[in-house]
Amino acid sequence: MVANLHTYRPIPGKKKAPVHVLIDLEVLLKMACVGICGSDVHYLVNGRIGDFVLNKPMIMGHEASGTVIKLGKEVKHLQIGDKVAIEPGIPCHVCNFCKKGKYNLCAEMKFCATPPIDGNLQQYYTHPADLCFKLPKNVTLEEGALAEPLSVAVHACKRAKVGVGSKVMIIGAGTIGLMILVTAKAMGADKVVIAVAEANNKQVFIPAARK
């Protein structure tokens, strides 16, 4: 079993991935697609993001999809062979935020590829079954790996109350910015403008497509 290993200078390499012990409420996945997030690049280039410091080698990746190849004893809603998208944050399930359904705010969150937690850029990976979402037959594994960044865009548009006739300005045209663009249009936004920075640090405002 091989995993992609990244450290903060020296050069990325490969190592044997840890042997994952499958517990009752987990599934073992054969990984299919893993996106490269800006956070992965930050850890590789800078060795840290804020208070999260890369002090030892870490496996990257959190935007991912895979196929279920083994089930924990208590897993009922998934079957072997199911293709799933992975929600990469594992909350504690017992704090007030978790109990209120706002588990994204859990202070004890364990997030893939956030030190010291390894990511899922591996051949095989275990994950809580309740955080693995079966993909519809018309959704590919490549598209499934984009479910996590798409959820960021949907959450942003909901918080901004984007709807029919909204006018939206997006700062930055990276993956998240572009996903906010398509999400805002899908929610009925009438006019969307994206601000991007050129090499000379001047901002350029680009009207987004109307269709």
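Trainee: Which residues does S166 touch, not counting residues up to four places away in sequence?

Mentor: This is a predicted model. Contact here means heavy atoms within 4.5 Å. With residues up to four places away in sequence left out, S166 touches K161, G188, A189, D190 and K191.

Trainee: Is S166 buried or exposed?

Mentor: S166 sits in the loop between helix 4 (147-159) and strand 13 (167-171). Buried means under 20% relative accessible area. S166 has a relative accessible area of 17%, so S166 is buried.

Trainee: K161 is among the residues S166 touches. What is the phi of K161, which follows helix 4?

Mentor: K161 comes after helix 4. The sign of its phi is positive, and the value is near 55°.

Trainee: What should the 13 residues of helix 4 span?

Mentor: The expected span is 1.5 Å times one less than the number of residues. The end C-alpha atoms of helix 4 are 18 Å apart, which agrees with the expected 18 Å.

Trainee: What covers the buried residues of helix 4?

Mentor: Start with the residues themselves. E148, P149, A153 and C157 of helix 4 are buried. Their cover includes strand 7, strand 8, strand 10 (110-111) and helix 5 (175-186).

Trainee: How many salt bridges does the structure hold?

Mentor: A pair counts when a side-chain nitrogen of Lys or Arg is within 4 Å of a carboxyl oxygen of Asp or Glu. K134 and D82 form such a pair, with the closest N and O atoms 3.7 Å apart. The structure holds 1 salt bridge.

Trainee: How many residues apart in sequence are the parts that K134 and D82 tie together?

Mentor: K134 lies in strand 12 (residues 132-134). D82 is in the loop between strand 7 (63-71) and strand 8 (83-86). So the pair ties together parts that are 52 residues apart in sequence.

Trainee: Which does K134 count as, buried or exposed?

Mentor: Its partner D82 counts as buried, at 10% relative accessibility. The cut-off for exposed is over 50%. K134 has 54% relative accessibility, so K134 counts as exposed.

Trainee: Now the whole chain. What share of the contacts with a separation of 6 or more comes from residues 24 or more positions apart?

Mentor: The protein chain has 5 helices and 15 strands. Of its contacts with a separation of 6 or more, residues 24 or more positions apart account for 64%.

Trainee: What percentage of the accessible surface belongs to carbon and sulfur atoms?

Mentor: Buried residues make up 38% of the 211 residues in the protein chain. The accessible surface of the chain comes to about 12,900 Å². The part that belongs to carbon and sulfur atoms is 59%.

Notes: Residues are numbered from 1 along each chain as its sequence is written. This is a predicted model: local features need pLDDT of at least 70, side-chain atom pairs count only at pLDDT 80 or more; totals for chains, interfaces and linings use all residues. Side-chain values use heavy atoms; hydrogens and water are left out. Helices (H or I, at least four residues) and strands (E, at least two) are DSSP runs, numbered from the N terminus. Buried means under 20% relative accessible area, exposed over 50%, partly exposed in between (1.4 Å probe, protein chains only). Accessible areas come from the Shrake-Rupley method with a 1.4 Å probe; for residues, only the protein chains shown count as cover.
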